[in-house]
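I sat down with a structure I had not seen before and kept notes as I went. Here is what I looked up, entry by entry.

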Amino acid sequence: MSNVIYQSKINQIGEFAPDALADGMLILFKNGAPSDLADYCFIHNHDDLKQDLQVGQVLQIGKHTYHITSVGDVANTNFRELGHITLRFDGSSQAELPGTIHVKGDIPNQLFVGDEIKILNN
């Protein structure tokens, strides 16, 4: 049985967030992101991260499911404190940037306000 270590919902989508997504990058930030940054982000109502993000965990966004393949050095701190991480959909086993999490799977075409974000231990 998988257990949920994080759960949140998208409640705002920045003007340029879909463009970043089309380029293979999904940027999450909790409510209250700086406005210049918020334009590029999927804003969500942040929850407690019950456990560090790790390779092998499952990330669900809306109806899409992904496996985490690498976690940047500061991704856990940023996510805990700011609800902020950048997701890349390339399945890389090496995190390109310290705040990045890489996942394996197709880039979602579209995400919606109200879509749930869940992270589960496998």
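These are my notes, grouped by the residue or element I was looking at.

**Entry 1: what kind of model**

I am working with a predicted model, so local features are noted where pLDDT is at least 70.

**Entry 2: the annotated histidine**

I started from the record. UniProt, in an unreviewed entry, puts "modified residue: Phosphohistidine" at His-44. I keep in mind that such an annotation may be inferred rather than shown by experiment.

Where does His-44 sit? I found His-44 in strand 3, which covers residues 42-44.

Is His-44 buried or exposed? Its relative accessible area is 0%, and the cut-off for buried is under 20%, so I wrote down His-44 as buried.

Then I listed what His-44 touches, skipping neighbours within four places in sequence. The contacts include Tyr-6, Ser-8, Lys-9, Leu-28, Phe-29, Phe-79, Gly-83 and Ile-117. Which side chain makes a polar contact with the side chain of His-44? I found that of Tyr-6, at 3.2 Å.

**Entry 3: following Tyr-6**

That contact sent me to Tyr-6, which belongs to strand 1. Tyr-6 has 0% relative accessibility, so I count it as buried.

Leaving out neighbours within four places in sequence, I see Tyr-6 in contact with His-44, His-46, Asp-47, Asp-48, Leu-49, Phe-79, Ile-117, Lys-118 and Ile-119. The side chain of Tyr-6 also reaches the backbone nitrogen of Asp-47, at 3.3 Å. I checked one spacing as well: Tyr-6 and Asp-52 are 46 residues apart in sequence, and their C-alpha atoms are 9.9 Å apart.

**Entry 4: aromatic rings**

How many aromatic pairs does the structure hold? I count 3. I looked at the one formed by Tyr-6 and Phe-79. Their ring centres are 4.6 Å apart and the planes meet at 50 degrees, so I note the pair as tilted. Tyr-6 is in strand 1 and Phe-79 is in helix 3 (residues 75-82), so this pair ties together parts 73 residues apart in sequence. Both Tyr-6 and Phe-79 are buried.

**Entry 5: helix 3**

Phe-79 led me on to its helix. Which residues of helix 3 are buried? They are Ala-75, Asn-76 and Phe-79. Looking down the axis of helix 3, I see these buried residues fall within an arc of 100 degrees, so they line one face of the helix. In general, an α-helix has 3.6 residues a turn, so residues three or four places apart point the same way.

Just past helix 3, I noticed that Gly-83 has a positive phi of about 65 degrees. Gly-83 was also among the contacts of His-44.

**Entry 6: the nonpolar cores**

Next I looked at the core. The largest nonpolar core has 24 residues, and those with the most contacts inside it are Leu-26, Phe-42, Leu-59, Phe-79, Leu-87, Ile-101 and Val-103. Which strand gives the most to this core? I found strand 1 (residues 3-13), with 3 residues. Another core lies apart from it, with 6 residues, among them Ile-27, Ala-33, Cys-41 and Ile-43.

**Entry 7: Leu-87 and Leu-59**

I picked out two residues from the largest core. Leu-87 is in strand 6, residues 85-88. Its relative accessible area is 0%, so I have Leu-87 as buried. Beyond four places in sequence, Leu-87 touches Gly-24, Met-25, Leu-26, Leu-59, Ile-61, Ile-101 and Val-103.

From the other side, Leu-59 touches His-64, Thr-65, Tyr-66, Leu-87, Val-103, Ile-117, Lys-118 and Ile-119, again not counting residues up to four places away.

**Entry 8: His-64**

One of the contacts of Leu-59 is His-64, so I looked there too. His-64 lies in strand 5, residues 64-71. Leaving aside neighbours within four places in sequence, His-64 is in contact with Leu-59, Pro-108, Gln-110 and Leu-111. The C-alpha atoms of His-64 and Asp-106 are 8.7 Å apart, with their places 42 residues apart along the chain.

**Entry 9: a glutamine in a loop**

My last stop was Gln-57, in the loop between strand 3 and strand 4 (58-61). Is Gln-57 buried or exposed? With a relative accessible area of 2%, Gln-57 is buried. A polar atom of the Gln-57 side chain lies 2.7 Å from the backbone nitrogen of Gln-54. Past four places in sequence, the contacts of Gln-57 include Ile-5, Gln-51, Asp-52, Tyr-66, Ile-119 and Asn-121.

Notes: Residues numbered from 1 in each chain as written. Predicted model: local features only at pLDDT ≥ 70, side-chain atom pairs only at ≥ 80, totals over all residues. Heavy atoms only, no water. Helix = DSSP H or I, 4+ residues; strand = E, 2+ residues; numbered from the N terminus. Buried < 20%, exposed > 50% of the residue type's maximum accessible area, 1.4 Å probe, protein only. Contact = heavy atoms within 4.5 Å. Polar contact = N/O pair within 3.5 Å; in protein donor to acceptor, adjacent residues only side chain to side chain. Core = buried A, V, L, I, M, F, W, Y, C linked by side-chain atoms within 4.5 Å. Phe/Tyr/Trp six-rings, centres within 6.5 Å; stacked < 30°, edge-to-face > 60°. Arc of directions from axis to C-beta.
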